Amino acid sequence: MSAPASPGGAPGRRAVLPTGITTVLFDLDDTLVPYLTCWSTALDAVSQNLAAAHPGATGPGIAASYTRISNVLWHDYERSLAHLGPMPAIRAYVWGRALHECGIRLGESELAFLVKDFTRRQLRAIRPDRRVAAALDRLAPHFRLGVVTNGDSAGQHAKLEHAGLDAHFETVACALDIGTRKPDRAPFLHAAAELSVAPEQCLYVGDSWANDVVGAHAAGMHPVWIIPNDTPIPPGRPPAACFPDVLSCLNALAEHAALPTERS
């Protein structure tokens, strides 16, 4: 499959898709679902509630502490979080560390309630995008479809369900259940094995250079980078294509797949 340049693509970007593609795999957070916005909305609400119950603390202060602690710990996941077990335990630990920094100490049951409330608020903030669902419907006759994500199975399936996308994918490979996170190649290869396809037959669509582009290359797949047009491409092996958002990527793939097969 050799496609024309991506619509809206920045000048000079490589946007020719490889031949022999049978499968399109996707990152989830901030690729298929605009999750950072949902996360921030939920964090602000939870932080304000905590501040109201703890004089001396402020909502913005709690949110800033949680964001910083979460980023540090997840960046060092293997050493800092992997040993804690399932996602609720990890989230409770991160919240406990962040709140301790703010002078707030919650008991185990209070932390568990906080984690559930934070998760519920994130899911409620997700809004289905019918345009994305329709574009996936257009792709389905031409490609196998799957997801490779760094989350856990329960949480990521819940996000897909709230986004109205859960039924579109044959496999959802969740790195926290597999045991290694992107950019390690294991989650990518797990998805390919689930679909009985070779890695070189797969496009991988994601928004993170380090996790998605570098990781997909390491697995022998062809990465497609979702990134604003004015973002420079970092040094290193380039993606197969760049698109400013997932919808433009989906539409370009669907339009190309519907073209008559090229004859030599």
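This is a chat about the overall build, the strands, the helices and two single residues of a predicted model.

Biologist: What kind of model is this, and how are the residues numbered?

Modeller: The model is predicted, so I should say what counts: local features need pLDDT of at least 70, side-chain atom pairs count only at pLDDT 80 or more, and totals for chains, interfaces and linings use all residues. Residues are numbered from 1 along each chain as its sequence is written, and side-chain values use heavy atoms, with hydrogens and water left out.

Biologist: How many helices and strands are there?

Modeller: The protein has 11 helices and 6 strands. Both are DSSP runs numbered from the N terminus, with at least four residues of H or I for a helix and at least two of E for a strand.

Biologist: And what's the radius of gyration?

Modeller: It's 20 Å, which agrees with the value near 18 Å that a compact globule of 264 residues would have. That radius is taken over C-alpha atoms, and the globule rule is 2.2 Å times the number of residues to the power 0.38. Along the principal axes, the C-alpha atoms fill a box of roughly 75 × 35 × 30 Å.

Biologist: What share of the residues is buried?

Modeller: Buried residues are 48% of the 264. Buried means under 20% relative accessible area, exposed means over 50%, and partly exposed is in between (1.4 Å probe, protein chains only).

Biologist: OK, strand 4. Is it enclosed or open?

Modeller: Largely enclosed by the rest of the structure, because 5 of the 5 residues in 202-206 are buried. Cys-202, Tyr-204 and Gly-206 point one way, while Leu-203 and Val-205 point the other. In a regular strand the side chains alternate between the two faces of the sheet.

Biologist: Which strands does strand 4 pair with?

Modeller: Strand 1 (residues 23-26) is joined to strand 4 by 4 bridges, and the two run parallel. Strand 5 (residues 222-226) also pairs with strand 4 in the parallel sense, over 4 bridges. For strands to pair, DSSP has to find at least two bridges between them.

Biologist: Which residues face each other there?

Modeller: Val-24 has Leu-203 of strand 4 as its bridge partner, and Tyr-204 stands opposite Pro-223 in strand 5.

Biologist: What sits between strands 4 and 5 in the β-α-β unit?

Modeller: Helix 10 (residues 209-218), and the unit is right-handed. With the strands pointing away from the viewer, a right-handed path from the first strand over the helix to the second runs clockwise.

Biologist: Where does Asp-207 fit in?

Modeller: Asp-207 is in the loop between strand 4 and helix 10. This residue is partly exposed, with a relative accessible area of 26%. Leaving aside neighbours within four places in sequence, its contacts include Asp-27, Asp-29, Asp-30 and Trp-225. Contact here means heavy atoms within 4.5 Å.

Biologist: New topic: which residues of helix 9 are buried?

Modeller: In helix 9 (residues 186-195) they are Pro-187, Phe-188, Ala-191, Ala-192 and Leu-195. Seen down the helix axis, they fall within an arc of 140 degrees, so they line one face. The arc is that of the directions from the helix axis to the C-beta atoms.

Biologist: What's on the face turned away, and what covers the buried side?

Modeller: The face turned away carries the exposed residues Ala-193 and Glu-194. The cover over the buried residues includes strand 1, strand 4 and helix 10. Just after helix 9, Ser-196 takes a positive phi of about 55 degrees.

Biologist: What about Lys-159, buried or exposed?

Modeller: Buried, with a relative accessible area of 5%. Lys-159 is found in helix 7 (residues 153-162). Leaving aside neighbours within four places in sequence, Lys-159 is in contact with Leu-28, Asp-29, Tyr-35, Leu-123 and Ile-126. The C-alpha atoms of Lys-159 and Leu-123 are separated by 6.2 Å, although the two are 36 residues apart along the chain.

Biologist: Which elements cover the buried residues of helix 7?

Modeller: They include helix 1 (35-53), helix 5 (108-125), strand 2 and strand 3.

Biologist: How do strands 2 and 3 run?

Modeller: Parallel, joined by 4 bridges. Gly-146 stands opposite Thr-171 in strand 3. The chain crosses from strand 2 through helix 7 to strand 3, and this β-α-β crossover is right-handed.
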